[in-house]
Amino acid sequence: MASVSSMIATYEKYFNPKTKYDIFCGPGSSFKEDTVQKPLKWLVKIFNSGKLKGDSFMQIGMTYLIHLLLPATKAFNEIFVADVLDINLQAGRKWQEKEPGAIDISSAVKVFCELEGHGEKGIEKEDELRRKNIQQMKCDITAKDPLLPKILPPVDCLFLVHCLETFSPDKETYPKLLKNISTLLESGGNLLMIVWLNCTFFMVESFKVTSLCVDDGFVRKVLTETGFVIEEFTVVPRSEKNLYSLTDASSALYVVAKKV
Ligand SMILES: C[S@@+](CC[C@H](N)C(=O)[O-])C[C@H]1O[C@@H](n2cnc3c(N)ncnc32)[C@H](O)[C@@H]1O
C-alpha cells in the first residue's frame with residue numbers, strides 16, 4: 001500500500017471534492033442512481049424502521065457524501081465526520097457555512113425529500129442537517145487508535161461508504177483496518193457499510209485509484225471474525241447506465257452489523 005503520507009500528497013494534488021461530487025452525485029451524473037438514489041432509499045428505510053437510534057453517529061472516510069447524512073439527522077443527536085485529508089474536512093465546512101463554491105447537494109436533498117414525503121422542503125431539510133453542527137475531525141484508520149488524541153467516546157453508529165476496499169492493499173489488511181475502526185464504536189452499536197463489490201479501480205478525476213477486489217462472502221467472513229453480528233446484508237447490482245470508465249464495480253453491498 002502507498003504510505004498514508006504519499007496517498008495524502010496524491011489526493012491533495014489530483015483531487016477536488018466538489019468536482020468529485022459533481023461527477024459521481026451531481027444532477028448530470030451518470031452515476032447518481034448508485035451514489036444518491038439507492039443509498040438514500042436504503043438509509044431512509046433503515047432509519048425509519050426505528051432500529052437505529054442513539055446519541056452519536058459518525059461517517060468515516062467522507063470526501064463528499066454529505067447527503068448520506070440526511071437520514072441520520074432525526075435519529076442521532078450528534079453527527080461527526082472523520083477523514084485523513086484536510087481538503088475533505090474543509091469541503092464539509094464550506095458546505096456547512098454556505099460558502100461560495102461549496103459542494104451543492106440540493107439535487108440529492110430533493111431525492112431525500114421525495115423518499116421521506118417532505119415535498120418541497122429541500123432547503124429546510126438541508127439547513128436542519130447544517131444545524132446539527134456536524135463536527136469534523138481528523139482520523140487515520142491505519143492507526144490502532146484512529147482518532148488521536150482520543151477526543152471522543154465510542155459512538156453509537158459508524159457509517160463507512162466505499163472505504164475499506166479503497167484503504168486496504170490486500171485481504172490481510174482489511175480485517176486489521178476494520179478492527180481499528182471498530183474501536184470507535186460502542187459495544188452494541190451498529191456499523192453501516194456500503195461496499196463496492198468486484199471493484200478493481202475508480203477514477204479520482206484523471207487519477208486511477210486501485211481498489212481491493214472483494215466479494216460478499218469475503219466481507220461476511222471478515223465481519224463475523226472481527227466481532228460483528230450481521231443484521232442486514234443486501235447485494236444491489238449497479239445501474240447499467242453508469243460509466244464503466246469511472247469504476248468497474250459490479251454491485252454494491254449494503255450491510256448493518258452490530259458490534260458484540
Ligand atoms: C474512495 S473515498 C470513499 C468514499 C467516501 N465515503 C466519500 O464520501 O467520498 C475514500 C475516503 O477515505 C479517506 N481516507 C483514505 N485513507 C484514509 C485513512 N487512512 N484514514 C481515514 N480516511 C482515509 C479519503 O480521504 C477519502 O475521503
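## A ligand shell, a helix pair and paired strands

Helix H1 gives the most to the shell around the ligand, with three residues. This is a predicted model, in which local features need pLDDT of at least 70 and side-chain atom pairs count only at pLDDT 80 or more, while totals for chains, interfaces and linings use all residues. Residues are numbered from 1 along each chain as its sequence is written. Helices (H or I, at least four residues) and strands (E, at least two) are DSSP runs, numbered from the N terminus.

**Around the ligand**
- The ligand is surrounded by 21 residues (C-beta atom, placed from the backbone, within 6 Å of it).
- The closest are Gly-61, Thr-63, Leu-65, Val-84 and Val-161.
- H1 (4-14) and H7 (164-167) each supply at least two residues of this shell.
- By type, the shell holds 13 nonpolar, six polar and two charged residues. Here Ala, Val, Leu, Ile, Met, Phe, Trp, Tyr, Cys and Pro count as nonpolar, Asp, Glu, Lys and Arg as charged, and the others, Gly among them, as polar.

**Two helices that pack**
- Helix H5 (residues 106-116) packs against helix H6 (residues 122-131) at about 105°, with axes 9 Å apart; axes are lines fitted to C-alpha atoms over the stretch in contact, and angles run from 0 to 180 degrees between N-to-C directions.
- H5 is therefore roughly perpendicular to H6 (65 to 115 degrees).

**Paired strands**
- Strands E5 (residues 185-197) and E9 (residues 251-259) pair antiparallel over eight bridges (pairing takes at least two DSSP bridges).
- Trp-196 has Ala-252 of E9 as its bridge partner.
- Strand E8 (residues 228-237) also runs antiparallel to E9, joined by nine bridges.
- Glu-232 stands opposite Val-256 in E9.

How values were computed
Parallel < 35°, antiparallel > 145°, perpendicular 65-115°, else oblique.
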